[in-house]
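Visitor: Could you take one part of this model and go through it slowly with me, explaining each term when it comes up?

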Amino acid sequence: MDKLKHFLKPMTIAERQDFARRCGTTWPFLRNISYGQRVPGEKLCVAIDRESHGAVSRRDLRADWADIWPELAEKEAYHA
């Protein structure tokens, strides 16, 4: 979860809270994800990917991303 941690680090608390709100969660929950204490659900992964403008992708958030989003794995294989 280093990408999420590094993405959030330069933000103020208010900016982190706003980002979390836009993602449909709370700042404490995002912090738990960034430290590996919680695993984000699929919808939250998509929201974080969207709200971070791809800086933190679904692939960064879930080790099992290829099982959940096989279309992304196919897309990567196509571009390789």
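**Salt bridges and helix 2**

Guide: Asp-64 is partly exposed, because its relative accessible area is 29%, and that label covers the range between buried (under 20%) and exposed (over 50%), taken with a 1.4 Å probe on protein chains only. The model is predicted, so local features need pLDDT of at least 70 and side-chain atom pairs count only at pLDDT 80 or more, while totals for chains, interfaces and linings use all residues. Residues are numbered from 1 along each chain as its sequence is written, and side-chain values use heavy atoms, with hydrogens and water left out.

The partner of Asp-64 is Arg-62, and the closest N and O atoms of this salt bridge are 2.9 Å apart; the term means a side-chain nitrogen of Lys or Arg within 4 Å of a carboxyl oxygen of Asp or Glu. Arg-62 itself is buried, with a relative accessible area of 11%. The whole structure holds 8 salt bridges, and another of them joins Glu-51 to Arg-22, with closest N and O atoms 2.9 Å apart. This pair links distant parts of the chain, since Glu-51 belongs to helix 4 and Arg-22 to helix 2, 29 residues apart; helices here are DSSP runs (H or I, at least four residues), numbered from the N terminus. Glu-51 counts as buried at 18% relative accessibility, whereas Arg-22 counts as partly exposed at 33%. Both residues belong to a network of salt bridges that also links Asp-18, Arg-21 and Arg-50.

Arg-22 brings us to helix 2, where Arg-16, Phe-19, Ala-20 and Cys-23 are buried. They lie on the same side of helix 2 because they cover an arc of only 100° around the axis, the arc being that of the directions from the helix axis to the C-beta atoms. On the other side of helix 2, Ala-14 and Arg-21 are exposed. The buried residues pack against helix 1 (2–8), helix 3 (27–34) and helix 4 (42–51).

Arg-16 deserves a separate look, as this residue is buried yet has no salt bridge, and the nearest side chain of opposite charge, that of Glu-15, is 7.1 Å away; for charge, Lys and Arg count as positive and Asp and Glu as negative, while His and the chain ends are not counted. Leaving out residues up to four places away in sequence, Arg-16 touches Leu-8, Lys-9, Met-11 and Trp-27, where contact means heavy atoms within 4.5 Å. Just after helix 2, Gly-24 takes a positive phi of about 85°.

Terms used. Helix = DSSP H or I, 4+ residues; strand = E, 2+ residues; numbered from the N terminus.
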